[in-house]
Amino acid sequence: MISLDEFTKQLAAEFEDVDPNTITPSTNYRDIKNWSSMYALIVIAFVDANFDVQLNADNLRNSQTIKDIYDIVVAKQAN
Amino acid sequence: MALLSVQNILIEGIAACVPQQKEYTNNYSLFTEEEKELFVKSVGIIERRVAPFEITTSDMCYHAAEKLIADLKWNKEDIGCLIFVSQSTDYLLPATSIILQHRLQLPNTTMAFDVGLGCSGYVYGLQLMASLLTSGQIKKGLLLVGDKSTLSTHFEDKSTYPLFGDAGCATAMAYDSTATPIYFNSQSDGAGEDAIKILDGAARNTVRDDTFDIIEVEPGVKRSRRHLALKGIDIFNFALKEVTPNVHELLKFAAIDKEQVNYFVFHQANRLINESVRKKLKVLDISKVPYSIQHFGNTSSASIPLTMVTQLKQKLQEQNTLLLSGFGVGYSWSSCVFNSKSIYCSDLIEI
């Protein structure tokens, strides 16, 4: 598994019209500019494609930050 | 396990009918400019067709069927079976297929019945018709599929309204003892019944005092219990989890190598979903995965034949190995793979 910083960098690149440097592991992803339910699908697709892990609706509901998502991915990969 | 091979079946032709009226994502007033841009880029829908009040699914299927029968110069007397796959029937009863039998002036010797499936419905319909024709006792069958999904979406529901378009398609199938088998893999999981659902209007909840009340479910999502409710994340995860193994099992069962497949025609659900499935299947050549969603939106059971008619018309005149896969509401999903002979596609009909 890649580092949290690398994960954050790669995920940040999925967002349009957003300076990736403004996104850090502690960023609440719902606060990212123009966040919408469409971005939820983009995040799910990103995680599935790159880490072969599926984020479900509960995972997203119960997470706030990029680090939270990273931790879920790490935990799911371990299972 | 519903892995099945069906012999002696030829798909002779396909016709598709859509309403003339277009709606554009860029004109959807509930989206911000950024949302419009993201929706076009990720979901993939630029425009879609919306049927006016007086046009139903059966009207679109009727016009598709008449054109196809005329183009193929079929004798209506030879049609022994008509199947109508739809979740937007004309009436609660009788079955719309029977009304269509009469309207199309098919003989009273035609068997006709409805099938209540959505996104998976085209492949299920092919499987049903193939199974009925395989013995050779019925020579020709007409498979009609489609939906007027815009009937069930509420304008103020951003999660459904910009997604769906209306279409009806006809597929002509015939007994042919020289045809190679069609292989099917069909599955169901009713645990996902709530992922796409219209709560009221049928027998479980007919009409209640609050059936037509518009309520705000979440920001940007207002609808009544009579409207289509969609849980996008659940559907997305279902498709990510189930479609790839279904296709792999099918190819193994059919002993067909993935590289032999000329075209993978997927239900046009959402570009992001379909691209994810394509990448999971490791289909790197994007020209093998045609899209029509940009022009028609998600057209339920009509999306696969509509994609074939609008994107592959010329190419289907040659012999191909085709893999078709439908997945969604239910959950229900089904794929098929076969070596096609020349499939005639009528020009797109607009009414």
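User: Say two residues are in contact if their C-beta atoms, placed from the backbone, lie within 7 Å. How many residues does chain B bring to the contact with chain A?

Analyst: Heads-up: this is a predicted model, so local features need pLDDT (the predictor's confidence in each residue, from 0 to 100) of at least 70, side-chain atom pairs count only at pLDDT 80 or more, and totals for chains, interfaces and linings use all residues. Residues are numbered from 1 along each chain as its sequence is written, while chains are lettered from A and ligands numbered from 1 in the order in which they are written. Chain A puts in 16 residues, and chain B puts in 17 residues.

User: Which helix gives the largest share of the side of chain B that touches chain A?

Analyst: Helices here are DSSP runs (H or I, at least four residues; strands are E, at least two), numbered from the N terminus. On that side, α1 (33-43), α5 (232-254) and α6 (271-280) of chain B each supply at least two residues. The largest share is seven residues, and they come from α5(B).

User: Where does α5(B) bend?

Analyst: End to end, from first C-alpha to last, its 23 residues reach 32 Å, close to the 33 Å expected at 1.5 Å a residue (1.5 Å times one less than the residue count). The bend, the angle between axes fitted to the seven residues ending at a residue and the seven starting there, is about 25°. Pro245(B) follows within four residues of the bend site, Glu242(B).

User: What is the radius of gyration of chain A?

Analyst: Chain A has four helices and zero strands. The globule rule (2.2 Å times the number of residues to the power 0.38, with the radius taken over C-alpha atoms) gives 12 Å for 79 residues. Chain A is close to that, so it's as compact as a globular protein of that length, at 11 Å.
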